[in-house]
Amino acid sequence: MGCGPSKRPKESATPEAKPSSASAEHLALASETPFTVSEVESLYELFNKLSTSVIKDALIHKEELQLALFQNSKKNNLFLDRMFDLFDIKRNGHIEFEEFVRSLAVFHPKTPDAVKASYAFKLYDLRQTGYIERVELKEMVLALLSESELNLSEDIVEMIVDKTFAEVDAKGEGRIDEEEWKDYVAKNPLMLKNMTLPYLMDITTSFPSFVLKGEAHD
């Protein structure tokens, strides 16, 4: 999955950079994502931590991603399910390192909003029909509210869904296509707030908090 325009590997000529020691895979990923070679190598270390937290096979399984994010490998979470499905580009039930890097690249601050908007659309398109149906939007709203531990009445949830559809479904077809979604996001950039992870700008100096959570279960 492309994550923005291709570019040459990025590295400074500092002693710690050592681009010559990087693997061909790491160099390729650095050339095709917003990450530098050093950052790809740091992501490899992160990947290794996550991929051995439950099953020690150098692959990230759903329960390992769940454990890293929520400190609970058994919790049902629709948003997590969709994230895992999109990270699992090859659709083989686990996340490989290349998939991990390319998927995280979508959340990089330097990745264009158009890429983030397209990815967010896929998150909400639960049944992968190319449209966001009303029931899908409601399911995601309920899942996000649950994760935030917000309990809203059925009437308020219905109001949120109705208001969103009234604003987004410009063609009045009772479903949202990707063009309508992107137009809406362009007018409401805060919709993409959760699609950017600031720590990815400085991944070589510190890992995000969820890695520390995962380490407690190694």
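These legends go with a handful of close-up views of a predicted model.

**View 1. How confident the prediction is along the chain.** Averaged over the chain, the pLDDT comes to 83, and 80% of the residues score at least 70. Residues 1-20 are another story: their pLDDT is below 50, though the model still gives this stretch 38 contacts beyond near neighbours in sequence. Residues 209-218 also stay under 50, with 16 contacts beyond four places in sequence. Where pLDDT is low, the predicted coordinates should not be read in detail.

**View 2. Phe-47 meets Phe-97.** The model has six aromatic pairs, and here we zoom in on one of them. The ring centres of Phe-47 and Phe-97 are 5.6 Å apart and their planes sit at 70°; over 60 counts as edge-to-face, so that is what we call this pair. What parts of the chain does the pair link? Distant ones: Phe-47 belongs to helix α2 (residues 37-50) and Phe-97 to helix α5 (residues 97-106), with the two positions 50 residues apart in sequence. Both Phe-47 and Phe-97 are buried.

**View 3. Trp-181 beside Tyr-184.** Here is a tilted aromatic pair, with Trp-181 and Tyr-184 at 6.5 Å centre to centre and 45° between their planes. Both residues come from helix α9 (residues 178-187), where they are three residues apart, or about one turn of the helix. Are they buried or exposed? Trp-181 has a relative accessibility of 2%, so it counts as buried. Tyr-184 comes in at 11%, under the 20% cut-off, and therefore counts as buried too.

**View 4. A cluster of rings.** Pull back to Phe-47 and Phe-97 and you can pick out their company: ring pairs join them with Tyr-44 and Phe-100 into a cluster.

**View 5. His-26 and what it touches.** You'll find His-26 in helix α1 (residues 24-32). Its relative accessibility is 8%, and because buried means under 20%, His-26 counts as buried. Which residues does His-26 touch, leaving aside those up to four places away in sequence? They are Val-40, Glu-41, Tyr-44 and Phe-97. Two of these names, Tyr-44 and Phe-97, should ring a bell from the cluster in the previous view.

**View 6. An arginine over a tyrosine ring.** This last close-up shows Arg-175 lying over the face of Tyr-131. The distance from Arg-175 to the ring centre of Tyr-131 is 3.6 Å.

Notes: Residues are numbered from 1 along each chain as its sequence is written. This is a predicted model: local features need pLDDT of at least 70, side-chain atom pairs count only at pLDDT 80 or more; totals for chains, interfaces and linings use all residues. Side-chain values use heavy atoms; hydrogens and water are left out. pLDDT is the predictor's confidence in each residue, from 0 to 100. Contact means heavy atoms within 4.5 Å. Rings of Phe, Tyr and Trp (its six-membered ring) pair if their centres lie within 6.5 Å; planes under 30 degrees apart count as stacked, over 60 as edge-to-face and the rest as tilted. Helices (H or I, at least four residues) and strands (E, at least two) are DSSP runs, numbered from the N terminus. Buried means under 20% relative accessible area, exposed over 50%, partly exposed in between (1.4 Å probe, protein chains only). A charge sits over a ring if NZ of Lys or CZ of Arg is within 6 Å of the ring centre and within 35 degrees of the ring normal.
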